[in-house]
Amino acid sequence: MKEIIPAFRDDNDKIVVVAMFILSIFFFLFPALIVILCCKNQISESSYQIAKALLNFELLMFIVSLFCMIPIIGWIFGLIICPLLMIINVIVVIINMCAIAKQAPVKIPVMYEFI
């Protein structure tokens with residue numbers, strides 16, 4: 001579990017992080033990737049760390065979901081794991097959005113750091 005204490009420079013940082021969390025429900029890892037690639041100079045260091053942690057979490061979930069493409073075993077595995085991954089993603093987003101609103105530490109479950 002990676003814990004990051006948000007120190008936003010202004011409201012734009014908070015808007016970028018909140019938008020990234022909301023869009024990650026629908027577009028999986030692309031919002032965090034776009035923030036890391038395009039907005040590195042425009043956001044604070046803590047916002048950048050949050051984006052990196054979210055991207056690592058989403059990449060790990062993407063790799064696990066790739067196992068669902070294995071014929072027969074993966075399809076059975078996918079019936080259970082893929083919906084569970086979507087539910088976990090929504091729960092992590094809701095918890096972190098509440099933490100951002102309270103200005104509490106953001107906790108993202110990251111097992112491996114790819115970036």
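The legends below describe close-up views of a predicted model.

Residues are numbered from 1 along each chain as its sequence is written. In this predicted model, local features need pLDDT of at least 70, side-chain atom pairs count only at pLDDT 80 or more, and totals for chains, interfaces and linings use all residues, while side-chain values use heavy atoms and leave out hydrogens and water.

**View 1. Confidence along the chain.** The chain has a mean pLDDT of 92 (pLDDT is the predictor's confidence in each residue, from 0 to 100), and 100% of its residues reach 70 or more. Among the elements, which are DSSP runs numbered from the N terminus (helices: H or I, at least four residues; strands: E, at least two), the lowest mean pLDDT, 90, belongs to strand 1 (residues 2–4) and the highest, 95, to helix 2 (residues 30–38).

**View 2. The largest nonpolar core.** A nonpolar core is a set of buried Ala, Val, Leu, Ile, Met, Phe, Trp, Tyr and Cys residues joined through side-chain atoms within 4.5 Å; buried means under 20% relative accessible area, exposed over 50%, and partly exposed in between (1.4 Å probe, protein chains only). The largest such core has 26 residues, and those with the most contacts inside it include Val17, Phe57 and Ile108. Helix 3 (45–66) is one of the elements that supply at least two residues, and its eight residues form the largest share of this core. Beyond its neighbours within four places in sequence, Ile108 is in contact (heavy atoms within 4.5 Å) with residues including Met1, Phe21 and Asn96.

**View 3. Helix 1 against helix 3.** The axes, which are lines fitted to C-alpha atoms, for helices over the stretch in contact, with angles from 0 to 180 degrees between N-to-C directions, come within 10 Å and cross at roughly 10°. Helix 1 and helix 3 are therefore roughly parallel (angles under 35 degrees count as roughly parallel, over 145 as roughly antiparallel, 65 to 115 as roughly perpendicular and the rest as oblique). Among the residues that meet are Asp13 and Val17 in helix 1 and Ser47 and Ile50 in helix 3.

**View 4. Helix 3 against helix 4.** The axes of helix 3 and helix 4 lie 10 Å apart at an angle of about 170°, which makes helix 3 roughly antiparallel to helix 4. Residues including Met61 and Val64 in helix 3 meet residues including Ile81 and Leu85 in helix 4.

**View 5. Ser44 in a loop.** Ser44 is found between helix 2 and helix 3 and is buried, with a relative accessible area of 6%. The C-alpha atoms of Ser44 and Phe8 are separated by 6.2 Å, although the two are 36 residues apart along the chain.
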